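Colleague: I am new to this structure and would like a close look at one single part of it. Please begin there and then work outward to the surroundings, explaining your terms as you go.

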Amino acid sequence: MLGWGAYLSIRGELTGGMVIASSIIAGRALAPIEGAIEGWNQFSQSRAAYGRIAALLKASPLNFERLNLPKPEGRLDVERLLYVPQGTKRVVLNGISFALQPGDSLAVIGNSGAGKTTLGKMLVGSILPTSGNVRLDLMDLRNWDQRQFGENIGYLPQDVQLFPGTIKANIARMRSDADDEQIYRAAMLADVHEMIAGLPHGYETMVAADGSPLSGGQKQRIALARAFFGDPHLVVLDEPNSNLDSAGDVALMRALQHAKEQKITMITVTQRPALLNSVDKILLLVNGTVALFGMRMDVLKALQARGIDIEGGSFGHQLQ
């Protein structure tokens, strides 16, 4: 282009300023095309990656039509769970078996690395056992319709992540068909309505990808409300009070009481003694196996007989 402009300038048909101006205008006009050419490789790689993911999901042995079952009541049966992570020989869970009736509440305790978080993920179908079964209302989790199953359980992970959007959308699990009554009911059940009402924009408060402007404890309480959204009959909480202050602990205790009144089957992974007073049963995991399981008072007496002090704050390091 500059060569053609120089030729016309020599012939007197263009001035030098016109050649420079034409070069600038052409550069800006062609910038989007140049950007598209530079980004084409990334676009091609992204499209290929999407195709591989879609093919993988379609080829999954779990991707098949399932019967839509009645809304679960919350009975949970865990049968001889064995979990060995793929590519390793390390046994994380070995022979885990227990049963809960609808409305039962269970605390899972154990030392660090005992497999508590892995068990929690397995109870909500996040990871699948190497062998054994987890059954909700007698049906193996793998045989529940995935959408129906997801709508009837709640899960609060140890590492809480919120989505960019409003608090209302986060509680509703980003579902566009959620109504305000469901969101309010979940917030009341989790005892976070008062906290949300104290924010400048209430339920319309925008949350960033990193959770700002909420504190760690506020993020955890919003995620707790998300776990209770949709009136689930099975809820798993992994260290639900790890970031809570004293007021948050009190609210959590009230939320657990609300869940018990609603006959929600609750499994809480914890190392703090305060939550043990809110459950019906306790399961002690040691090195991936069940060391103790039973009614709360029976297990507490057995722990005391072993010389384990559960009153002095976190007690996980004592459980060997």
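**The second largest cavity and its surroundings**

Modeller: The lining of the second largest cavity consists of Ser105, Leu256, Lys260, Ile264, Met266, Thr268, Ser278 and Val279. Two elements, helix H9 and strand S10, each give two or more residues to this lining (helices, H or I with at least four residues, and strands, E with at least two, are DSSP runs numbered from the N terminus). This is a predicted model, in which local features need pLDDT of at least 70 and side-chain atom pairs count only at pLDDT 80 or more, while totals for chains, interfaces and linings use all residues. Residues are numbered from 1 along each chain as its sequence is written, and side-chain values use heavy atoms, with hydrogens and water left out.

The space in the second largest cavity comes to about 50 Å³, a volume being what is filled by probe spheres set on grid points that are joined across faces, edges and corners. On a 1 Å grid over the protein atoms alone, a cavity is a set of points where a 1.4 Å probe fits but cannot get out, whereas a pocket is an open set with protein on both sides within 12 Å along at least five of seven lines, and a lining residue has an atom within 4 Å of a point. By class, the lining of this cavity divides into four nonpolar residues, three polar and one charged (Ala, Val, Leu, Ile, Met, Phe, Trp, Tyr, Cys and Pro count as nonpolar, Asp, Glu, Lys and Arg as charged, and the others, Gly among them, as polar).

Ile264 leads on to another space, since this residue is also found in the lining of the second largest pocket, together with Arg185, Met188, Leu189, Asp231, Pro232, His233, His258, Glu261 and Gln262. Helix H6 (180-189) and helix H9 (246-261) are the elements that give two or more residues to the lining of that pocket, and H6 gives the most, with three. The volume of the second largest pocket is about 180 Å³, and its lining has four nonpolar, three polar and three charged residues.

Thr268, another residue of the cavity lining, leads instead into the sheet, where it is the bridge partner of Ala107. Strand S3 (residues 105-110) and strand S10 (residues 265-269) run parallel and are joined by four bridges (two strands pair if DSSP finds at least two bridges between them). These two strands belong to an open sheet of six strands with mixed pairing, in the order S6-S9-S10-S3-S11-S12. At the edges lie S6 and strand S12 (289-295), each of which pairs on one side only. Neighbouring strands are turned against each other by 15 degrees on average, with direction ignored. Helix H8 packs on this sheet and touches S6, strand S9 (234-238) and S10, while its direction makes about 165 degrees with that of S6; here contact means heavy atoms within 4.5 Å, and angles, from 0 to 180 degrees, are taken between the N-to-C directions of lines fitted to C-alpha atoms, for helices over the stretch in contact.

Further along the sheet, strand S11 (residues 281-286) runs antiparallel to S12, and six bridges join them. Within this pair, Ile282 has Gly294 as its bridge partner in S12. The hairpin of S11 and S12 has two residues between the strands, and there Asn287 takes a positive phi near 55 degrees.

H8 and S6 also connect the sheet with the largest pocket, as helix H4 (146-151), strand S6 (153-156) and helix H8 (216-228) each supply at least two residues of its lining. The largest pocket has a volume of about 460 Å³; of its 19 lining residues, those closest to its centre are Val124, Gly125, Ser126, Phe149 and Ile153. Ahead of H8, in the loop between strand S8 (206-207) and that helix, lies Pro213, which is joined to Ser212 by a cis peptide bond with omega of about 10 degrees.

Returning to the cavities, the whole structure holds three of 30 Å³ or more. The largest of them has a volume of about 60 Å³, and among its lining residues are Met122, Gly125, Ile127 and Leu128. Strand S4 (residues 131-136) gives the most to that lining, with three residues.
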